[in-house]
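Colleague: I am new to this structure and would like to learn how to read it feature by feature. Where should we begin?

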Amino acid sequence: MSRANDEYDVIVVGAGAAGLAAAAQLSRNGKSVCVLEARDRIGGRILTVRPRGAAIPLELGAEFIHGESPSIFEQLRLAGDVAVDTAQTRYRVPQPGRMKRSEDLFETMKERLKRIPKPRVDVPFAEFLEKHRRQLSPTVRAFATMLVEGFDAADSTRASAIEILKEWAGGTAADAPTFRPQRGYGALMDSLAGSLDPAKTCVQLECAVHEVRWRRGEVDVAYTRHGEPGAVRAAQAIITLPLSVLQLPALTPGSVLFTPTLPRRQVPLSRLLMGPVVKLVLCFSRPFWSEIDDGLHRDVAFFHAQGAPFPTFWTSLPVRAPVLTAWSGGPKAAQLLARNTDEVLRAALASVTEIFGKRRDYRKMLEAVYWHDWQSDPYSSGAYSYSGVGGGPAKKQLAKSVEQTLFFAGEALDVEESSSVGGALSTGQRAAKEVLTG
Ligand SMILES: Cc1cc2nc3c(=O)[nH]c(=O)nc-3n(C[C@H](O)[C@H](O)[C@H](O)COP(=O)(O)OP(=O)(O)OC[C@H]3O[C@@H](n4cnc5c(N)ncnc54)[C@H](O)[C@@H]3O)c2cc1C
């Protein structure tokens, strides 16, 4: 339908999973919606590429479905897609080049943690581990730290112990069943965008929002498109900006100014943190990991080398492709991000050598590398959120609407499936429902 500058029932800021889910629900219910997106594409932190010759969709952002996420499974159903079970066999590398099948440390860790009273006052996770060093062996402590850094992309000296323990007791922890959308997350976003009623919805790309001017029942959103100013008006707005954008001090580059300001949101915003991740998709000429040691590792899904700059690698199993993904999260990722791209790639190949030994010329076998720097991308400034000390109540506080006029959604605000696509979709649907039932 119409272009921006018209009036709508609702403006949605951001066309990631949360924004598209909100727009889809509003449009299904007859609301006119304008989605304003800064990038030249939809999907936000979902970025699926399919280079010529690539046998599988390559995910530079979100890839896995953690646990049986109802919102994702429903979206898959609507998209006519299915979830593929990810293989779970894990090997760890206690010493360079020496691989060992990983015993179930998660179960052991959970067992030990059950015997420890939960902290009543929140502390950094590292402090919690230190306090209980007698009950938790060095192996369990090292494993717990690796999980917090690798899975939650968190700094264990800043992450909330209460929230980490809560996550590990829930259904989306690192030991939950894991899947991938068969056609990739990008196809899921395309299907969501395709479900918007074209007569009622307008998705405006390359519109970087810089101000949300509001009063009860009226919102004016100002943006810049190709250097030109623009504005749209609606009765209500759903804001799905990433945490890092919301945390920027007013009037700094990339920030979004709320007029009048929203002072009650400042404290909860400061209790959440954005974690860094470096994810490299390495395309080799051959799947060498399934050939070495007489094929012993051909059914391995994950390789972990705790000391390496990239402590985790995964294969594309159950699909067989010569693609290995290198993953580093939390403080290790922050260190990598201080280096240039060549150095990051060198660190990835050094990590490959640490895991598989010097048995091949890995650089020669490497045909292509794909990655996206989410940290220096101003529209994400990080990978995903985690709770800092005392951050437990922050998500609910930030999810509260303001005067039935401003509504908020996005992965950082979800309590059930935090930091994930499932969480982002749920918050978008929740915000749309609040608008509709107002
Ligand atoms: C490397 C990586 C790996 C991940 N792996 C997984 C995984 O395996 N499984 C999983 O579930 N999750 C994973 N995630 C997390 C997942 O991608 C996010 O939680 C989810 O996609 C967030 O959706 P969202 O809609 O809340 O935010 P976003 O996708 O960030 O959407 C917000 C939108 O707002 C736009 N925007 C920003 N600023 C402005 C502005 N000023 N004006 C207008 N628009 C603006 C952005 O461009 C973006 O499109 C991963 C993330 C990364 C980075």
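**Pockets, contacts and backbone**

Modeller: About 340 Å³ of space lies in the second largest pocket. Of the 20 residues lining the second largest pocket, Ile-56, Pro-57, Glu-63, Arg-180 and Ser-316 are the closest to its centre. Keep in mind that this is a predicted model.

Colleague: Which strands each supply at least two residues of the lining of the second largest pocket?

Modeller: They are β4 (58-59), β9 (178-181) and β19 (323-329). By residue class, the lining of the second largest pocket divides into 11 nonpolar, 5 polar and 4 charged.

Colleague: How many cavities of 30 Å³ or more are there?

Modeller: The general idea comes before the case. Rolling a probe the size of a water molecule over the atoms shows where empty space is left. Here the count comes to 1 cavity of 30 Å³ or more. The space in the largest cavity is about 90 Å³. Its lining has 15 residues, and Leu-241, Leu-243, Leu-246, Ala-412 and Leu-413 lie nearest the centre of the cavity. The lining of the largest cavity is made up of 10 nonpolar, 2 polar and 3 charged residues.

Colleague: Let us turn to the ligand. Which of the 37 residues around the ligand come nearest?

Modeller: Glu-37, Arg-45, Phe-64, Glu-411 and Val-421 come nearest. For Glu-37, a polar side-chain atom lies 2.6 Å from an oxygen atom of the ligand.

Colleague: Which atoms of Glu-63 and Ser-419 should I look at beside the ligand?

Modeller: Look at the backbone in both cases. In Glu-63, a backbone N or O atom lies 3.0 Å from an oxygen atom of the ligand. In Ser-419, a polar backbone atom is 3.0 Å from an oxygen atom of the ligand. Glu-63 also appeared earlier, among the residues closest to the centre of the second largest pocket.

Colleague: How do I read burial for a single residue? Does Ser-32 count as buried or exposed?

Modeller: Compare its relative accessibility with the cut-off, which is under 20% for buried. Ser-32 has 10% relative accessibility, so Ser-32 counts as buried. Ser-32 lies in the loop between α1 (17-28) and β2 (33-36). Leaving aside neighbours within four places in sequence, Ser-32 is in contact with Tyr-8, Asp-9, Val-10 and Lys-200.

Colleague: Now a helix. Which residues of α6 (residues 161-169) are buried?

Modeller: The buried residues of α6 are Ala-161, Glu-163, Ile-164, Leu-165, Glu-167 and Trp-168. The elements that cover these buried residues include α3 (105-114), α4 (125-131), α5 (138-150) and β21 (384-387).

Colleague: What is found at the start of α6?

Modeller: There, a side-chain oxygen of Ser-160 reaches to within 3.4 Å of the backbone nitrogen of Ile-162.

Colleague: You listed α4 among the covering elements. What can be read from Glu-130, which lies in helix α4?

Modeller: Glu-130 is partly exposed, because its relative accessible area is 42% and the range for partly exposed runs between 20% and 50%. The side chains of Glu-130 and Arg-133 are joined by a polar contact of 2.7 Å. Sequence and space can also be set side by side: Glu-130 and Arg-141 are 11 residues apart in sequence, and their C-alpha atoms are 8.5 Å apart in space.

Colleague: Next, the backbone. Where are the cis peptide bonds before Pro-260 and Pro-318 placed?

Modeller: Read the omega angle. The peptide bond from Thr-259 to Pro-260 is cis, with omega near -5°. Pro-260 lies in the loop between β14 (257-259) and α9 (266-270). A cis peptide bond also joins Leu-317 and Pro-318, where omega is about 10°. Pro-318 sits in the loop between β18 (312-314) and β19.

Colleague: And phi? What is the phi of Asp-293 and of Glu-403?

Modeller: Asp-293 has a positive phi of about 50° although it is not a glycine. Asp-293 is placed in helix α10 (residues 292-295) and is partly exposed, with a relative accessible area of 36%. Glu-403, also a residue other than glycine, has a positive phi near 50°. Glu-403 lies in the loop between α14 (394-399) and β22 (406-408), and with a relative accessible area of 41% Glu-403 is partly exposed.

How values were computed. Residues are numbered from 1 along each chain as its sequence is written. This is a predicted model: local features need pLDDT of at least 70, side-chain atom pairs count only at pLDDT 80 or more; totals for chains, interfaces and linings use all residues. Side-chain values use heavy atoms; hydrogens and water are left out. On a 1 Å grid over the protein atoms alone, a cavity is a set of points where a 1.4 Å probe fits but cannot get out, and a pocket is an open set with protein on both sides within 12 Å along at least five of seven lines; lining residues have an atom within 4 Å of a point. Grid points are joined across faces, edges and corners, and a volume is the space filled by probe spheres set on the points. Helices (H or I, at least four residues) and strands (E, at least two) are DSSP runs, numbered from the N terminus. Ala, Val, Leu, Ile, Met, Phe, Trp, Tyr, Cys and Pro count as nonpolar, Asp, Glu, Lys and Arg as charged, and the others, Gly among them, as polar. Buried means under 20% relative accessible area, exposed over 50%, partly exposed in between (1.4 Å probe, protein chains only). Contact means heavy atoms within 4.5 Å. A residue is near a molecule or strand if one of its heavy atoms lies within 4 Å of it. A polar contact is a pair of N or O atoms within 3.5 Å; within protein, one must be able to donate a hydrogen and the other to accept it, and residues adjacent in sequence count only if both atoms are side-chain atoms.
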